[in-house]
Amino acid sequence: MASQVARRSFLQTAGASLLASRSYARPAQEASPKPTLTINVRDCGALGDGTAKDTAAIQQAIDRVHVLGGGEVLVPAGNYLTGALALRSNTILRLEKDAILRGSPNFADYPVTQVRWEGKWIPGHIGLIYALDAEHTGVVGPGQIAGNAALGGRPTPQNPLRHPALIEPINCRELRFEDFSTDYHLMWCLHLTYCENVTMRNLTIRSTGGNGDGIDIDSCKHVRIDGCEISTGDDCIAIKSGRGAEAYALLRTTEDVHITNCTFADAIFACIGIGSETSGGIRNVRIEHCKFTHAQTFAIYIKSRPGRGAFIEDIVADDLDIAGTRGGFLRINALSSGIQDQDPVPGGEGIPTLRNFRFSNIRVTDCPVLADGTGVHPNKPLDGFSMTGVTGTCAKGIALANVRNAEIRDIAVTGVSGPLVGIYNVTGQGLEGAAAVAAPKVPDPVPIPAKAFVLR
């Protein structure tokens with residue numbers, strides 16, 4: 001008996017050790033399989049005349065390439081009217097020059113499933129081009145994907161289903177979106193949820209009207225956005241991870257997002273919005289070598305509120321050109337941004353943790369405000385903030401509140417009215433001679449609910 005107990009203990013320990021060793025070893029990224037088969041959608045009956053609905057023919061081509069081992073679905077020049085299309089694993093949709101996939105105006109052509117909307121999983125219409133639980137798939141150009149303007153907008157109590165995004169992979173990995181253009185109105189162009197290892201390169205993204213985001217990165221990991229030109233009605237890029245107790249319980253973090261060599265213009269809110277849906281946490285976002293030509297508010301807007309919980313950390317921006325902003329270059333508001341969730345994360349746990357925000361080599365032109373960083377909770381100060389190497393012209397300088405380990409240096413801007421740096425409850429370097437600013441208004445604490453939240 002003693003020997004059996006000893007053997008059982010040994011096996012349990014060995015098994016635990018094996019699992020532990022596996023958990024620390026990140027698997028190598030798989031190489032995308034080379035296409036082995038090409039099927040032209042016209043060979044499956046697609047007409048591309050802009051009138052006949054080509055959904056079934058295009059889907060047949062996608063499905064056949066998938067079951068025959070993978071490859072490419074070729075969409076030649078034409079105007080293809082279609083409902084929602086499901087991408088499959090190991091299958092690339094290639095849009096040739098002058099090929100347009102144009103979304104149907106009928107909501108019935110977009111299946112209803114669980115989709116993310118403002119940080120919550122709700123029933124809604126899936127995107128025009130979508131993928132569920134797929135890998136090694138995507139879309140390449142140089143053609144265009146155009147949503148139907150009749151489908152944009154927000155859900156309402158009378159019509160509670162979320163409207164379809166333009167491109168929407170959910171729980172997918174090894175994705176490519178390259179060298180094509182988009183056009184939509186009042187809804188998101190690319191919305192990625194629970195995806196890993198994503199490349200978006202050389203995209204030309206256009207959307208108009210409120211809620212017309214360009215790219216939404218929603219609880220995703222290892223995302224590369226390079227060489228894109230984005231002009232939108234709402235955020236050019238929105239980075240988020242869910243809202244309230246539901247997302248906090250799931251804890252699907254957005255992390256390792258690298259944005260490079262892009263040009264941004266926004267007509268309603270911010271060029272790059274980080275938050276306000278941050279309950280799964282956001283970390284390791286790097287923005288480099290980008291141009292911001294217009295923002296209705298701020299070029300970069302980091303936002304959250306008590307009730308979200310989790311964290312925003314390791315946000316780095318370097319080598320940026322900023323012009324045409326109505327608000328300014330940077331705003332940090334972790335006190336009051338976004339709607340409060342019906343099940344917020346209560347108490348001190350619900351106050352987001354902010355760490356390590358760094359901004360360097362920034363060139364501003366006629367910028368109203370260089371940085372408004374006063375929206376930080378005194379109970380959880382921002383730990384680590386640096387702004388270095390800023391040149392150009394701006395009307396107001398830097399205001400910070402509730403910050404530890406700040407570093408301000410090499411700020412060589414002209415045209416500033418008032419103090420260059422204003423602080424409240426801030427420690428760090430480069431603060432000599434800083435003026436005092438008022439303490440930010442802190443919202444009431446989120447109360448502890450009578451019943452603990454349960455996923456359901």
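1. Let's start with serine 386 in this predicted model. Is serine 386 buried or exposed? Its relative accessible area is 10%, and because buried means under 20%, serine 386 counts as buried. The residue sits in strand β31, which covers residues 382-414. Setting aside neighbours within four places in sequence, serine 386 is in contact with Phe357, Arg358, Phe359 and Glu407.

2. Helix α2 is a nice one to check by hand. How far apart should the ends of α2 be? The helix has 13 residues (55-67), and at 1.5 Å a residue these should span 18 Å. The expected span takes 1.5 Å times one less than the number of residues. In the model the end C-alpha atoms of α2 are 18 Å apart, so the two values agree.

3. Staying with α2, you may like to colour the helix by burial. Thr55, Ala57, Ile58 and Gln59 are buried, and so are Ala61, Ile62 and Val65. After the helix comes glycine 69, which has a positive phi, near 110°.

4. Now to the charged side chains. Side chains of opposite charge can pair when their charged atoms come close. How many salt bridges are there in the whole structure? A search finds 28. One of the pairs joins arginine 162 and glutamate 168, whose side chains meet at 2.7 Å, N to O. Both partners, arginine 162 and glutamate 168, are buried.

5. Another salt bridge pairs glutamate 178 with arginine 201, at 3.4 Å from N to O. This pair links distant parts of the chain, 23 residues apart: glutamate 178 lies in strand β14 (residues 173-178), and arginine 201 lies in strand β17 (residues 196-201). The two ends of the bridge fall into separate burial classes: glutamate 178 counts as buried because its relative accessibility is 10%, under the 20% limit, whereas arginine 201, with a relative accessible area of 33%, is partly exposed.

6. Arginine 409 and aspartate 410 are also worth a look. These residues form a salt bridge in which the closest N and O atoms are 3.0 Å apart. Why is arginine 409 classed as partly exposed? Its relative accessibility is 42%, and the class lies between 20% and 50%, so arginine 409 belongs there. Elsewhere, which residues are joined into one network by salt bridges that share partners? They are Lys221, Glu255, Arg283, Glu313 and Arg355.

How values were computed:
Residues are numbered from 1 along each chain as its sequence is written. This is a predicted model: local features need pLDDT of at least 70, side-chain atom pairs count only at pLDDT 80 or more; totals for chains, interfaces and linings use all residues. Side-chain values use heavy atoms; hydrogens and water are left out. Helices (H or I, at least four residues) and strands (E, at least two) are DSSP runs, numbered from the N terminus. Buried means under 20% relative accessible area, exposed over 50%, partly exposed in between (1.4 Å probe, protein chains only). Contact means heavy atoms within 4.5 Å. A salt bridge is a side-chain nitrogen of Lys or Arg within 4 Å of a carboxyl oxygen of Asp or Glu.
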